[in-house]
Amino acid sequence: MCFIAVLSAAEVFQASASLTHSALFFQQDPTSQEGKVVDSEGVPLPGVEVRVVGSAAVAVTNGSGQFVIKAKRGDLLKFHMLGYVDVEKVVELKFITVTLSSSSQNLNELVVVGYGTQKKVNLTGAVASIKVDDQLTSRALPNVSSALQGMLPGLAVNQTSGMAGNNSATLLIRGLGTVNDANPLIVVDGMPDVNINRINMNDVESVSVLKDAASAAVYGSRGANGVILITTKSGKGAQGTKISASASSTIQKPTNAFEFLPNYAKALTVTQRAQAVGSVPASINFKNGTIDEWFAKSMIDPLRYPNTDWWDIITRNGQLNNYNVSATGGNEKSNFYLSVGAMDEKGIQIENDFKRYNALFSYDAKIKKNISTGVRFSGNWSNYRYNYEEGFTANGSSGLDIFTAPAGVTPYDPVTGYYGGAMAYGESILASNPYVDYINRNKNNVERQEAMGNIYIEYNPLPGLKGRIDYNLNYGSQFTWRADIPSKAYNFQLGQFNNRAYVGDNERIYNADRNNYKTQLTAKVNYDKVIAKNHEFNLMAAYSEEFWKIRNLSANRENRFHPLLHELDAALGSVNITNNGNSSTEGMRSYIGRLNYSAFNKYLFEVNFRADGSSRFIKGAQYGFFPSGAVGWRFTEESFIKPFAQKIGLTNGKFRASYGSLGNNNGIGLYEQQEVLTNTNYVASSLNGSVVNQIAVPGFQNRKLINTNLTWEKTTMFNLGLDMAFFANRLTTEFDYYDRLTTGMIRPGDLSILLAAALSPAPRRNLGDLRNRGVEANITWKENRGGFGYMLNLNASYNRTILEKWPEFLNRSAVFIDMPYNFVYAYQSSGIAQTWEDVYNAPIQGAAPGDILLKDLNGDGRVDHNDQVAYPNFQTQRPTTNFALRGNLSWKGFDLGFMLQGATGRKDYYNNNMTNTRITQATNQAINWNQYLNTWTVDNRAAALPRLTSGTAAAPFTANQSTFWLDDVTYLRLKNLQLGYTFNKPYMKKIGLSSVRIYGSADNLATITNYRGLDPEKVSYSNDVYPLSKLFVLGLNVEL
Amino acid sequence: MKQYYFIRLSVLMLLSGLFLLSSCKKDLLDQKSTVGLPSAIYWQTEADATSALMGVYNAFRASFDRDYHFDGHAEFVKVYNTGAISPAPLVVNSPSNYGGSALETYKNLYGIITHANYVIENINLKMLPVAKTEAATRSLESIAGEARLLRGITYLRLISMWGDVPYVGKIVYNPIEVDTLSRMPIRKVKDSILADFTYAFEKLPLKNPVVSRPSKPAALAFRGKMQLFWASWNKFGWPELDKFTPSATEAEAAYRAAASDFKHVIQDYGLDLFRGGDPGQWGTMGSADVLPNYYYMFIPNPGNLNAGGEMLMVLPHGSGLTPVQGDEYQRVFTGPLNGLGQNQVIPRYELANRYQSTITGDFLPPLVQIQPNVAGARTAPNSAINPESYRDRDYRMKATMLWDYEKLMGQGEIDQTSYVNFLYKTFSGKSVINGVEYPNFTDNGTNFSGYQFRKFVRNYGGLARSNGDFNWPVMRLADVFLMYAEATNAVDGPQADAIALVNRVRRRGNLPPLAGSKISSPAAFFSAIEQERIVELVGEGQRAFDLRRWRALERVFGAPYGDGKWFMDTHGNNWERFFQNAPELTYQRCYIYQIPESERTRNSNLTQNIPWR
């Protein structure tokens, strides 16, 4: 009998416990019942209490799950173990195998935490986790970030676009923690800084979200915004080899759309109406004759009098195809996981494609009895084509092409091969042709490859003691090129080119190459020890070094040899070339420690710390120390509570409390704290005979003033949690409350103007304080009845962000002290003025009938920014409350899943370029149906939108920030609905398949909301027209 | 057996662990910037000191190479600061309202001072004490001298605009230090400036082989200029400057000191005016293939070669350098057909009458403004739109400006095109002159005077509008001549050597020597000197500073609450009027600038100038 190397202290405890009962084994007699207890997966369960009902006889299973108990035939045996459903069995007096099924996977489940795993039941920090199942991978999800939506309380996931290659969701844990980079740290298989959106969803095994200081403290200066731990699949625990393959095909349709008015004559009347507000008829750009002519001739001559539906031309049905094959296998000595996947995404916008290929291979082997080692390699490769980074238009004043494209432009004439331009009398030659814009102009191509490698060696010299060294390399290479194709605007009416080149003849070739790598070395020691039976210790210490390097090289050349060539060598190398190159590095050194102590399985203690040294700070200020502590109390284990708990069906209950600090160094640039000189070349002028020679000479300026006190942003967080399980763990609940205070947010400082010109940018300082408070709930009901199993999960979180300190001067705006960051700060509208009388009765604001009227709240006789009202409970950028209801049920091979997801607590102005009634320029304007149909006129007084106006008006009533445009962005969305059927019949085995599942799934099927903007889930900008997508999937999973 | 196995493994693990740990970076937390140069390894060689000095020049140039903007504050040049570039971050298009708009100017001038202090202090503390040879010491001192010259010039600019200013003379390590600085009395700032110029004078070389780097005479000229300004403020007074008491004795001493410095500049270094001060050829009416010498002084090629040393100090620009360091004079001084100019600087109509007759050497009867549709308007004697009216005038007129039917070499983006004909108010289409077709000058909608600049506009293509390679004059000999004359005249009346110098400047315009009446009294001679300053230095940003130190705003623009001054064009149209019904305050606010209020909110010790309180 010897100790078996064990993974957790609990097992050590159980193993030694079995020894104390070993005496029983040697006193067998015929009235003994022998047997073995296993879990649902056939793994032996040690420490199960076996009791003869109605007698005092009791036994406990040993390390291999075996037991012997004195019993008579006909006695009833009761098997009990925490976390498993009790089983009763009649004594048969022959060897029996009893299977205990887990009452809830949640309880004995191991949860991945930073630098290790912990039993969920012993957790004292706030950790939310999910296991990725078929149902999640069956959704048409182009990336992992989107998949997390609605799954984990406290993690706000918001989809911002449906664009192929750029449709990742933004992730925010427990509200906006800082006004600097507030993104959580993503750690994949122990490696931080992996792009979550480039992982193959099918390779993900589980996701943990570390929300409080105690759980994230081991990530120290990187964990202030919370941590998302992703664990990919491996062959661990595999017996034999399993191969699975899946394929799915998705069609995407926009959830909402830009309602372009594809009728030029009608559109011109809109600009006429808009201009009529401020112009005499003679100076209106488009004449009635032009409109009538277009109206008539467009019916017979669509080439010269087109009514182009641009929206139709530049959109298509999106597609998303996914293919995966994976194999897993193993035995006692070694195991492996191998997977390849391909995703092919075609966006709803033409010329927007994203293809990604993923591969993952991992292999672990026991090379000696107490030494194991392993490698893991993953790689991905993508090709991405797009026009504007944000989709149809850029987020800015340029790239408004879809909004400057009138219907009276012919996209393309296949006969002549010409692209159309402005034609109507009075139309500006600056009119856009979005077809050219996407086909020939703005052609961005990104080819990216990433490779990640990991090797480790693990050594168990003594029971409970484990040492492990990990080395990671994360390499990425990205090549970006752009070579727009020269094209000119043609006027088909005049039969000649306009003076407008969409893309000039001399368009450049742009190439940019970027590569980056990161290395990380981690050495870790774990020691588990049980003292005096009931005192369980777990000690972890780790040391880590991280190093980042990025290198950029870019160049462009004019005078290319042919428009279709796009590499630099395909253009003249002598004139008009530019090139740039630079690199940057960063280093971080960390010391990490954690001590867990549990007494009597009831009282749980944890202390953590991490000390980080970062190259971003100056010597002496490089190290930050981030400690935390947590306590837990499993009160249901107390004898004085147990009876009461049993009465109300409470099987497990635990209080948790934690407090600690974390840091964030994202607010500061890599070299900002270094005294480096800035290159400012100058000219030396000298005479060479009668010629003046001007040559560049090196110059340097010191533009740095170092704030030697600059340090990390610091976040302290208090967390209080209550976990309970009822009714044999059918119902589990988790509640959390937190109070998170970020202090010393790194902000640009300001300097006296005596210094500000030379020492620029001004040194950053640790200035503002931001507080987040919130509650989270996660309630799950899970039950199996016969062949029928179902699960319902409701999770919700509420967060409130308050800006507490901001030493810079704050104007009246949506950022203010003691208010949420970006709260709603709106003018009060009294609706649209119907008559002049309405205008006269309202405060003076330069309005006319058809305009929005604003209220003069302070009664000073005018409407100005002092009349805005603050809404302390609403923010424009984020909802305060996120919630989701998920459910699934399975019956005889059928499975059905759904997810309802929603949010509330956000209000936003829905006005954007689609609803804008101010036509800023009369010519080259795209007009939409809203502007044509829903704008106020004397004949359409009930219109939803105010009257059309033109030009740029400065009166407050034209401001978008009024309650007229303010909508509650609460929504409830049927996020996913899924139906599958699994063929798992004996006859499948005969044809060599172990199981086949076919399924159909739909995402974003229906939404209930009062929000009139593009999509309640997005935070959009004024010229954003990119909707989210509805996704319909058909797929097949096969296992061999 | 098991024990050995255990030990073997332990050793193995330990070794591999050590190997991994030792292979990683010891200097992990010491990541150096790959583009920025660490200042810690700087200040080792003379080359370091030189490149740091170039950094000061880089900042200095940005504040001083667009001094033409200040001509917008005087009466002979119209300056727009609209358009794609408005680098002078102060209001320049009004001579009556600018003193409160110079926050950015103030900030940028102190930027130069910060950079200069960085060089001066580091050379003094880190380099001079360890300099190994005499030669090394000398050249380091020379570099420090240049930095002090730049610092002195900058403080001179600051005090001439704001009066008393905070003085920063060392590197500021703790920004709090400057948040409590009081304004230093102008007298003390002046003394520091003189100390800088004196140091520079002592340490600079006699002649720097690099044209764009100053030598002794430049330092001396600036020391003289400082004395001249100090003398002017003491003589004419500066009532807007709180606690400044003018002193006649102070003025006299300063004038004499100024004269002495200027005299040395003129005598000791063998300097001469550009091309010997010869007028060169006037060329022919309406053509631009031959132009007077004065024109070539302000174009790069064949331009201000500085052979005679007229350019005592210049700010160089370079074409085709990265980052771009070109001048933009083509862009601001001319129109779209001449290298895509934006025509932001226009000579006013009133300038034309300042150009004297080469025959009489005196002013001519004022030009007759006339509408072109009046019969015979273009042939009437002395008509402003009759080219013949411009014959036999100061050669500098032809070199400085265009009147109707004068031509200018056209340029596309870079390529030379053909001569462009200037014809006021006919800013499109073509003119046929003697059977040759010329495109008409395009004015970019900014010309309302009837004249255009030729000065600073290249007569050849090849360089884009933002890519010029001209050396902008910061101090030139003609200015020194005239300042010398002004200084001696102020204390001793017209002196023979001073008159001779003014005449040398006049000779450039092919003007005869000053008549007896012009040198009969200090006042008459002062007028003659002012006249030369107007035509010789036009467009170089001197006039507004002259007007203020002479307290001449009322003389030029009329008394407070008066009609102000109308500016007109060659056709007799009014263009714009300034100072109409202007109260004293308007004038006072031109005489002294406003201390930036934003700075006063952070620094309670900073007082405001009287007119801005």
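Author: A salt bridge is a side-chain nitrogen of Lys or Arg within 4 Å of a carboxyl oxygen of Asp or Glu. The structure under discussion is a predicted model.

Reader: Which residues are linked in a network of salt bridges?

Author: The general idea comes before the case. Side chains of opposite charge can pair when their charged atoms come close. In chain B, such pairs join into a network made up of Glu310(B), Asp394(B), Arg396(B), Lys455(B), Arg476(B), Arg506(B), Arg508(B), Glu532(B), Glu536(B) and Glu540(B). One pair may be examined in detail: the side chains of Glu310(B) and Arg508(B) form a salt bridge with an N to O distance of 2.7 Å. This pair links distant parts of the chain, 198 residues apart, with Glu310(B) in the loop between helix 8 (293-296) and strand 3 (311-315) of chain B and Arg508(B) in helix 13 (residues 496-508) of chain B.

Reader: Are Glu310(B) and Arg508(B) buried or exposed?

Author: Both Glu310(B) and Arg508(B) are buried.

Reader: How many salt bridges does a search of the whole structure find?

Author: Over all chains, the search finds 102 salt bridges. One of them joins the side chains of Asp723(A) and Arg656(A), at 2.8 Å from N to O. Asp723(A) belongs to strand 37 (residues 713-726) of chain A and Arg656(A) to strand 32 (residues 650-664) of chain A, so the pair ties together parts that are 67 residues apart in sequence.

Reader: Why do Asp723(A) and Arg656(A) count as buried?

Author: The criterion is a relative accessible area under 20%. Asp723(A) counts as buried because its relative accessibility is 16%. Arg656(A) is likewise buried, because its relative accessible area is 4%. A further pair in chain A is read in this manner: Arg906(A) forms a salt bridge with Asp908(A), and their closest N and O atoms are 3.1 Å apart. Arg906(A) is buried at a relative accessible area of 2%, and Asp908(A) is buried at 10%.

Reader: Let us turn to the interface. How many residues does the contact take from chain A and from chain B?

Author: An interface may be read by its residues, its area and its polar pairs. Here the contact takes 65 residues from chain A and 70 residues from chain B. Together the two chains bury about 5600 Å², with 65% of that on carbon and sulfur atoms. Of the area that chain A buries against chain B, 16% is supplied by Tyr682(A), Ile753(A) and Leu754(A), more than by any other three residues.

Reader: How many salt bridges and how many residue pairs in polar contact does the rule find across the interface of chain A and chain B?

Author: The rule finds 2 salt bridges across this interface. In one of them, the side chains of Asp750(A) and Arg602(B) meet at 3.0 Å, N to O. The residue pairs in polar contact across the interface number 21, both residues being at pLDDT 80 or more. Strand 29 (residues 577-599) of chain A gives the largest share of the side of chain A that touches chain B, with 8 residues. By class, that side of chain A has 34 nonpolar, 21 polar and 10 charged residues.

Reader: In which sense do strand 33 of chain A and strand 1 of chain B pair?

Author: Strand pairing is described by its sense and by its bridges. Strand 33 (residues 676-679) of chain A pairs with strand 1 (residues 37-38) of chain B in the antiparallel sense, over 2 bridges. The bridge partner of Val676(A) in strand 1 of chain B is Pro38(B).

Reader: Which side chains of strand 2 of chain A are buried?

Author: In strand 2 (residues 49-52) of chain A the side chains alternate between faces: Val50(A) and Val52(A) point to one face and are buried, whereas Glu49(A) and Arg51(A) point to the other and are not. Strand 2 of chain A runs antiparallel to strand 3 (residues 58-60) of chain A, to which it is joined by 3 bridges. These two strands form a hairpin with 5 residues between them, and Gly54(A) in the turn has a positive phi of about 85°. Strand 2 of chain A is also joined by 4 bridges to strand 5 (residues 76-80) of chain A, again antiparallel. Glu49(A) stands opposite Val60(A) in strand 3 of chain A and opposite His80(A) in strand 5 of chain A.

Notes. Residues are numbered from 1 along each chain as its sequence is written. Chains are lettered from A and ligands numbered from 1 in the order in which they are written. Side-chain values use heavy atoms; hydrogens and water are left out. Contact means heavy atoms within 4.5 Å. Buried area is the accessible area (1.4 Å probe) that two parts lose on being put together, summed over both. A polar contact is a pair of N or O atoms within 3.5 Å; within protein, one must be able to donate a hydrogen and the other to accept it, and residues adjacent in sequence count only if both atoms are side-chain atoms. Ala, Val, Leu, Ile, Met, Phe, Trp, Tyr, Cys and Pro count as nonpolar, Asp, Glu, Lys and Arg as charged, and the others, Gly among them, as polar. Two strands pair if DSSP finds at least two bridges between them. Buried means under 20% relative accessible area, exposed over 50%, partly exposed in between (1.4 Å probe, protein chains only).
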